[in-house]
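Biologist: I'm new to this one, so could you walk me through it? I'll keep asking how you know things.

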Amino acid sequence: MMILKLAWRNLWRNKRRTLITSSAVFFAAFLSIAMNSIQDGMHQQMIQNVVGYYSGYVQIHQDGYWDEQTIDNTFTAEEQVQKVANDHPSVERSVPRLESFALAIAEDVSRPAMVVGVDPRLEDEFTKLQAKLVQGNYFAANGQEVIVAQGLLEKLKIGLGDTIILLGQGYHGVTAAGKYPITGVMKLGSPELNARLVYLPLQAAQEMYGAPELLTSLALDINTPDKSAQVAQTLQEDLPEGYEVMDWKSMMPELVQVLEADKGGNVILLGILYLVVGFGIFGTVLMMTAERKYEFGVLIGIGMKKIKLAATVLLETIFISLLGVLAGSIFAFPLVYFFHYSPVYLEGLKEAYEQYGFEPVLMTSIDLGIFVNQAIIVLVISCLMSIYPAIRIMKIDPVKAMHV
């Protein structure tokens, strides 16, 4: 207790020195939290735009479908398969889909499109499709209308209420064709999906492709997205042969690579930040050690053990670091919280982001782990810097230290 009290009181004997050191730690904690929060928030937004809004975190399909995604590789959603999926504790619901490609035609303009037949109720519960409508109305399960992505409509130069023609290849080579009125216009977060997607009621899609009662996949809505790989593995073991279960990382390795590359770049930037901050703190520690050389000599001369003096200086550094880390975390939280619920649309970077298929939105993450991890890292760096004065104290000669 004596060492704790002495260390705490020593902080305020020279307030300017304490504030300088705490400020260095403060800026380190603040910047590292902000950088990691922005990166994690943007990654979550990317994953949500592509995975959460479309493919799902886990999918069940016929074995071999993902390698050859044709409508011939469909399956009948047997009751046993749906029961295995719905009985899993992490699965909220299973959403049936029939997906294929078609040529979207409007007068003299045509564009390739991805056609997705869905159960309107289940799809809305899963991807909140109705909330993405910017014009028009949602369709009914027995309807013959379509919902088209805004980007695709702009390319086709048509709009709400117009008619779109879909032409493609159906089940076992039959011609798939249909003419449908556009009942709704949706806007998706992923620019790539926003330029391609057409949603049909599942029954209408099965009729168009000549695939009654057939599905290409069951998209699973799970309550533990971070454990999607474990959920996929468990379901694969429980399902009969002929079915394949994949998590989103297996389905989208390109997205995983982009995220990993971005994380690698951020690690380099954080490393530079930590290096600069470390040298800044070390410079302050050097100044402190030089200024207090006489003081250390006096304390050792009157009988204080060197190990206790070194422990006191170590505690001083820990206290200063804690003050800086707490201040950095407190000041960073309002900024992170604001941009999490009020993301900024980066209009100037729109083209650059869309080249990678992502929405240009600056969004932060409020994950508590970011604050804790960065605070610990900065605190550890600060404590490492206190090793130098501890070594100097253990080697100090009190007579020479007190010589003026």
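Modeller: Let's begin with His-340, which, leaving aside its neighbours within four places in sequence, is in contact with Met-363, Thr-364, Ser-365 and Ile-366; contact here means heavy atoms within 4.5 Å. Keep in mind that this is a predicted model, where local features need pLDDT of at least 70 and side-chain atom pairs count only at pLDDT 80 or more, while totals for chains, interfaces and linings use all residues. Residues are numbered from 1 along each chain as its sequence is written, and side-chain values use heavy atoms, with hydrogens and water left out.

Biologist: Why is His-340 called buried?

Modeller: Buried means under 20% relative accessible area, exposed means over 50%, and partly exposed is in between (1.4 Å probe, protein chains only). His-340 has a relative accessible area of 17%, so it counts as buried. Its place is in helix α12. Helices (H or I, at least four residues) and strands (E, at least two) are DSSP runs, numbered from the N terminus.

Biologist: What makes α12 and α14 roughly antiparallel?

Modeller: Their angle. α12 (residues 306-341) and α14 (residues 368-385) pack at about 150°, with axes 9 Å apart. Axes are lines fitted to C-alpha atoms, for helices over the stretch in contact, and angles run from 0 to 180 degrees between N-to-C directions. Angles under 35 degrees count as roughly parallel, over 145 as roughly antiparallel, 65 to 115 as roughly perpendicular and the rest as oblique. The pair is therefore roughly antiparallel.

Biologist: Which residues make that contact?

Modeller: On the α12 side they include Leu-314, Ile-318 and Phe-333, and on the α14 side they include Phe-371, Val-378 and Cys-383. By class, the residues of this contact divide into 11 nonpolar, four polar and no charged. For the classes, Ala, Val, Leu, Ile, Met, Phe, Trp, Tyr, Cys and Pro count as nonpolar, Asp, Glu, Lys and Arg as charged, and the others, Gly among them, as polar.

Biologist: What makes α11 oblique to α12?

Modeller: α11 (residues 293-301) and α12 pack at about 140°, with their axes 10 Å apart. That angle belongs to none of the named ranges, so α11 is oblique to α12. Phe-296, Leu-299 and Ile-300 in α11 meet Lys-306, Leu-309 and Val-313 in α12. That contact has five nonpolar, no polar and one charged residues.

Biologist: And how do you know that α1 is oblique to α12?

Modeller: The axes of α1 (residues 2-11) and α12 come within 8 Å and cross at roughly 55°. With that angle, α1 is oblique to α12. Among the residues in contact are Trp-8 of α1 and Phe-319 of α12. The contact's residues divide into 10 nonpolar, two polar and two charged.

Biologist: Which residues does Ser-22 contact, leaving aside its neighbours within four places in sequence?

Modeller: Ile-320, Leu-323 and Gly-324. Ser-22 lies in helix α2 (residues 15-55). Its relative accessible area is 10%, so Ser-22 is buried.

Biologist: Why does Gly-178 count as buried?

Modeller: Gly-178 has 14% relative accessibility, and so it counts as buried. Gly-178 is found in strand β8 (residues 175-186). Leaving aside neighbours within four places in sequence, Gly-178 is in contact with Ile-164, Ile-165, Leu-166 and Met-208. From Gly-178 to Asp-397 it is 219 residues in sequence and 93 Å in space, C-alpha to C-alpha.

Biologist: Why does Lys-157 count as exposed?

Modeller: With 70% relative accessibility, Lys-157 counts as exposed. Its place is in the loop between α5 (150-156) and β7 (163-169). Lys-157 also has a positive phi of about 60° although it is not a glycine.

Biologist: What about Glu-213, buried or exposed?

Modeller: Glu-213 is exposed, since its relative accessible area is 61%. Glu-213 lies in the loop between α7 (202-208) and β10 (214-215). Phi of Glu-213 is near 70°, a positive value in a residue other than glycine.

Biologist: Now the whole chain: how many helices and strands are there?

Modeller: The protein chain has 16 helices and 14 strands.

Biologist: How do you know that the chain is more spread out than a compact globule?

Modeller: The radius of gyration is taken over C-alpha atoms, and the globule rule is 2.2 Å times the number of residues to the power 0.38. For 404 residues the rule gives 22 Å, while the radius of gyration is 30 Å, well over that, so the chain is more spread out than a compact globule. Along its principal axes, the C-alpha trace spans about 100 × 45 × 30 Å.
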